[in-house]
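Here is a brief report on the structure shown below. It covers the chain contact, the domains and the nonpolar cores.

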Amino acid sequence: MRELSYDVVTIGGGPAGMAAALAAREAGAERVLIIERDRELGGILQQCIHNGFGLRRFEEELTGPGYAHRYIEMVKATDIDVWLDTTVLAAEPGGVITSVSPHAGMTVVRAKSVVYSMGCRERTRGAIRTPGSRPAGVFTAGAAQRMVNMEGYLPGKEVVIVGSGDIGLIMARRMTFEGAKVKAVFEIMPYSNGLTRNIVQCLEDFDIPLYLGHSVTAIHGKDRVTGVTVSKVNDRLEVIEDTAFDVSCDCVLLSVGLIPENELGRAAGLALDPITSGARVDQFRQTSIPGFFAAGNVLHVHDLVDWVSEEAAIAGRSAARHARGELPALGSERSVTAGEGLRTVVPQRLSAFEPGKMSTHFYFRAAKPMGASVLQFWADGVLAFERKLRVVKPSEMIVADIPVRKIGDASTLEFLVVPAPEKIEAEDEIEEEA
Amino acid sequence: MAGSFGAGPVPDSADVVVIGGGVVGCAIARALSRYELSVLVIERSPDVATGTSKANSGILHAGFDAEPGTWKARLNVQGARLYAELSEGLGIPRKATGSLVVAKDAAQMETVADLRHRGIDNGVPGLEIWSREQVLAHEPNISPEVAGALWAPTGAIVCPFLATVGFAENAIRNSVRIVTECAVTGLDVADRQIVAVNTTRGRVATRFVVNAAGLHSGEIARLAGDDSFTIKPRRGEYILFDRSVGKLVNTVLFPTPDKVSKGILVSPTVHGNVFIGPDATEIDDPEDKETTAGGLAGIIAGARRIMPTLPLGTAITEFAGLRAAAGKDFVIGPSPVARGLVHAAGIQSPGLTSAPAIGEVMVEVLQDVGLRLRQKASFVPVNPAKPRFHEMDRATQAELIAADPLFGRVICRCETITEAEIVAAILSPCGARTVDGVKRRVRAGAGRCQGGFCGPRVTAILARELGIPVTSVRKDSADSWLFMSRADLEAGEGVHA
């Protein structure tokens, strides 16, 4: 069994792991390692062959593999070690990482800092309890995407998509391009869970109907899927009687949500946020386990990879500082709360700011769609910051940079989203301090 | 004759033909493999354990339910004892959890006391009546309304797939042939004596046929003109929860039974999950395995009566299984119509528990109708152990990888299943031929992501090891293809060779 030492190790070599490793190296960590279980770096980006990546990060429109390639080249240009085809079995507090691979066997790495960057997994049919039979032809959209885009096989020719998450929308267009008939997308909520641009470019441009407020109540077929039964739901998401209709298909793709892949963290006793299913972190992206950081979709599910890279760089820089003993010890943190109108906030707590720090980023998900709104930050019951939002959608992350002086020494920190006063003509993301 | 498994041709003749590769058929084949006989098992699906045997509660009942004097009473207690002896050697995961029948009021306490007396009559050892405090100490998450319970220390849990595979593999190692994707089309009877079985893969001359066809055993009997029993399929729905909530329950929890069924259970599984179910719905179609919104709601409500806080958010799958009921007791014994045809039919609960005992009793039944038996000197009673990577300590894991690098590649990350284990499951004497076959043998895809990550990889490994195209890899049944090529789509094809 090999035993090695590193300053910073990222578990996962997708966009978060690569960005964190690069930032750690740039911030002065000398020995940096990326452990990736697949046979190449890039993570889920490698199967996302559509474009739309990188508008913010690189100011141009890239495909998923194109975006990954930029980061892979940057990693290659450094002395960061990369272990491919390697699975981490355990990462224990104190930074002891046990991994296995076919070529190197079992290895124990002692890391001064660890960055969780394992990404997320798809919710399954079982998780949403769709009744019916269990034939072949029911896939999560991401698994189908991998087969189509990377292996070159198709999951069916007449497709029904359940849920309107982004991967499902992208797959609606992909299956249409491949010559399959995409019959409909059924979304139980009264609004879509995908980005607006995907609704337009993947469904509307191809006349694929999106049924909002509809639930697939049964999947049929003995060997292979033969169809689904669909019903309308009311505002409590209960099936409305006598609204059922059948749609024939030979393939059902599920796009019903993503869950951070936190099993390694759970095994190590990581404190999780029950809403994001990711770690509770501070502004350094340090988790409840000292020296363990989290970034990307394992922390909270992002809408754009650009935000993943940006946030992972914070985690990587913090991991480098921790490795040098420069990060303040955990303790005496303040909680940050997602209040009215918001479902999640990251970071969920604040540690002491380092001297000279001007501002810090917060990432939010809205609880429900709203029109013109105002994001408010309340510190100790005082409205300290406001930002107008033209429109609010649960599918799109809200990102705000809050000046440190607005946070001050307040002990209760809460964010809200409230409807904009009617007299204000809200414009696109104008920042305005209260 | 060397043992074999797969969709090959049937031999021209066999001493005994067993129809059905469920747990009962495979246990019978294994019992017969002790003797100098050519034994052929015919299975309609690409794998063993694809009917009732794959979707049931996985419980080894202690044996207090059945009416004394019935086949059920005799074979249940004997079967539970046989599993305790055989499981380790056959590679069948089994846990001696014990079971509790939970009573919530004085009337139910009386029923529970009656069950104890019935169990004593059936020869069930160690039955005790537990107080409310004893139950709560053993099961802290149980309903506080519990009044007491019947404790059965010999109640246990088992993996029903691996039980079937364990019996089948051992039978094959002892020269039994299992031909899959082979349906029986007729039974030839001459002068009231069975003389041959006709199948979709040819005709087998034989004088002894064991009907272990589960849900289809009534149809098989009628092929010989025997309408002495009828199978009524009874569907039961289940919800399975993730291993992360495995500590919810320590033992098998039954509610106090009513006249219809044993009620909705809350139980651990041998793999560390928790399940609730089953309900009992009589249906006509012996293939109807659909779960229903009403059924799932019903088992949730039922389970909540003994376990008020269910972790519904951690559900990983729902499924339905069918029990092949033919009246109150098992149908065991010779056909009243055709000599040489013997039935092991109507094997509803406690069928899984009884299976190894049914195997032994069917040997006697066959002997009674004229089968000559001679012990086989070369009989090997056990299967070689298969390493389960995730259960090993680190040093052993490191040794395994050093010996076979494929132990170093984790394919199923939810359950930590390595490529070496998947390859071994495919290449084993009773090897997996389908994605579900891999899942049932080594649990790749049985975890919380339900194959979302490893499904495409398992498909590729199956194609590679079986030497077939990806488009020929199936989920479970013969026509359950998973993927098509672009050329298939362009040609308007939906199914491929």
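## Chain contact

This is a predicted model. In it, 46 residues of chain B are in contact with 44 residues of chain A. On the chain B side, the elements that give two or more residues are α7 (293-306), β20 (315-325), α9 (394-403), α12 (455-466), β25 (484-485) and α13 (486-490). By class, that side has 20 nonpolar, 14 polar and 12 charged residues.

Strand pairing also crosses between the chains. Strand β11 (residues 153-154) of chain A and β25(B) run antiparallel, joined by two bridges. Here A:Y153 stands opposite B:S485.

## Domains of chain B

The domain assignment splits chain B into domain 1 (1-94 + 155-230 + 326-385), domain 2 (99-153 + 232-315) and domain 3 (389-490). The C-alpha centres of domain 1 and domain 2 of chain B lie 29 Å apart. Their contact takes 21 residues from domain 1 and 23 residues from domain 2.

On the domain 1 side, α2 (71-90) and β9 (156-158) of chain B each supply at least two residues. That side has 13 nonpolar, six polar and two charged residues.

## Nonpolar cores

The largest nonpolar core has 132 residues. Within this core, B:I28, B:V102, B:A149 and B:I358 touch the most other members. Domain 1 and domain 2 of chain B each give the core at least three residues.

What does B:I28 touch, leaving aside residues up to four places away in sequence? Its contacts are B:V18, B:V210, B:A212, B:A344, B:I358, B:G359 and B:M362. A second, separate core has 84 residues, including A:L41, A:C120, A:L389 and A:L413.

Note on methods: Residues are numbered from 1 along each chain as its sequence is written. Chains are lettered from A and ligands numbered from 1 in the order in which they are written. This is a predicted model: local features need pLDDT of at least 70, side-chain atom pairs count only at pLDDT 80 or more; totals for chains, interfaces and linings use all residues. A nonpolar core is a set of buried Ala, Val, Leu, Ile, Met, Phe, Trp, Tyr and Cys residues joined through C-beta atoms within 7 Å. A residue is buried if 20 or more other C-beta atoms lie within 10 Å of its own, exposed if 12 or fewer, and partly exposed in between; C-beta atoms are placed from the backbone. Domain bounds come from an automatic or database domain assignment. Two residues are in contact if their C-beta atoms, placed from the backbone, lie within 7 Å. Helices (H or I, at least four residues) and strands (E, at least two) are DSSP runs, numbered from the N terminus. Ala, Val, Leu, Ile, Met, Phe, Trp, Tyr, Cys and Pro count as nonpolar, Asp, Glu, Lys and Arg as charged, and the others, Gly among them, as polar. Two strands pair if DSSP finds at least two bridges between them.
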